[in-house]
Amino acid sequence: MDVVMVASESTPFFKTGGLADVIGSLPNEIANAVDINVSVILPKHSAMPLAWQEQLEFIGSFQVNVQWRQQYCGIFKLALSGVTYIFIDNEYYFKRDSLYGQFDDAERYVFFTHAVLSTLHNLQLKPAVLHCHDWQTGLLPVYIKASYDLNSIKTIFTIHNLRYQGNFPLSIFHELIHLDEAYFNSLIMDEQINFLKAALVHADWVTTVSPTYANEVKSTYFGEGLNEILLTRESAMTGILNGINNNEFNPATDPALPFNYLNQPDQKRLNKQTLQHQLNLTTDVSIPMFTIITRLVPEKGIPLILHILDELLESENIQLLVLGTGEHELEEAFCFFKQKYPNKFHIERTFNEDLARLYYAASDFFLMPSQFEPCGLSQLIALRYESVPIVRETGGLNDTINSYNEFTGEGNGFSFTNYNAHDLLYTIRRAIYFYWNKEHWQKILQNVYQSDFSWKESAKEYVNLYRTLASKQGALVT
Ligand code: GLC
């Protein structure tokens, strides 16, 4: 069986968020596990490091119609760990200083959509399933359905984050999209063309990246205006949890760490000592160290942390390190605390993968009190680096972190239900209490160590879904 995935970013080529991690690891897991040929189609963004660009093989080129113009479309190929990556080349659209947020995003991703369809034609690819990810690929299920020779292909659309929908002025329907008028209404949301909505209406199957998020998005609070549409697709929608690549995230071999370890708390602690020295914090490895590694945006629960930070740092003997960039006001607020508590608190306003790994390795606790979280990968990386997650029970956080129960000895972290700063503070204090209790702490660390969120189970779920859809004849949605 042939499966083609389409997305706008993937590690190790270019990344702005968790989508890239998923596209960089899931296809390979599927290809390795079973006899499915997986190809991944991506734009050839200029952010791709030269070392990768040099390995690409040029396959050919053709013209793609966009508006009244014909645009060049080059095709490059790269075979990497069992997966065929196909890159769509057009420097006018993809030689930019950012992947998204450009003035002509609608045109750029309509071009990409047409280029994907032409690639299927020209390379004579007729996959059983076309698996599309996020709004940049949202129009594909519509075009597939509208196409005479491709409409036997089944489409799956995966929502990685419902907040980003790709909405554009209505005028692009006639200027760029060129579909039959009959499709017009199905693409509209709040007087705009909405790429994500198009996919939700037309894809044969919709998935989100965790079972809890799949439920949450059907409510007004989480639905970002699309909850009613999602409700109509309830019978063709599932949540499949993301995984991480355990070889890529392995504290036993990670070259970014000064001290490698696996289930060896004393060894792990040497990383804490290193950071305490480097950052001029109080050097005492017994002090519980917390970390926050994230984009600094409100949805990650940063306002909750800021609300209780004074109270927390004033009253508890802890250290807290923040790594990330984001909204200026949030960064500034953390800087204030760095000045006020120089031995206890630190913010590094940057994002650096190696530094992130050191922070995971050095810390005892990982804070992630998100307002919503489709899946979340950081808590999985934290588990892998044996940093105990403290999370809010939402989306994938709810599906991966089980709050410690001192009576049964179960649980791989700590969690709280309501988006409330003092519930967070209470939960942090509860975690600190168990940190100092040797017996409980050992149990918690064992539970963390035994948590397994590799791709294995989830990859199987995708494969089952591909097989089920591929076996169905005819159109599944009208
Ligand atoms: C988005 C979501 C995140 C998820 C990731 C990969 O970035 O916000 O929760 O883990 O996509 O699916």
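Reader: Which residues surround the ligand?

Author: In this predicted model, the ligand is surrounded by Gly18, Leu19, Val22, His160, Asn161, Val209, Asn242, Glu373, Pro374, Cys375, Gly376 and Leu377, where a residue is near a molecule if one of its heavy atoms lies within 4 Å of it. Residues are numbered from 1 along each chain as its sequence is written, and side-chain values use heavy atoms, with hydrogens and water left out. Because the model is predicted, local features need pLDDT of at least 70 and side-chain atom pairs count only at pLDDT 80 or more, whereas totals for chains, interfaces and linings use all residues.

Reader: What makes the approach of the side chain of Asn242 to an oxygen atom of the ligand a polar contact?

Author: A polar contact is a pair of N or O atoms within 3.5 Å; an N or O atom in the side chain of Asn242 is 2.7 Å from a ligand oxygen, so the pair meets that limit. For Gly376, a backbone N or O atom lies 2.8 Å from an oxygen atom of the ligand. Taken alone, the ligand exposes 310 Å², of which the protein buries 90%, with areas from the Shrake-Rupley method and a 1.4 Å probe.

Reader: Why are strand S7 and strand S11 called paired?

Author: Strands (DSSP runs of E, at least two residues, numbered from the N terminus) pair if DSSP finds at least two bridges between them. Strand S7 (residues 154–159) and strand S11 (residues 205–208) share 4 bridges in the parallel sense, so they qualify as paired. One bridge joins Ile159 to Thr208 in S11.

How values were computed. Polar contact = N/O pair within 3.5 Å; in protein donor to acceptor, adjacent residues only side chain to side chain.
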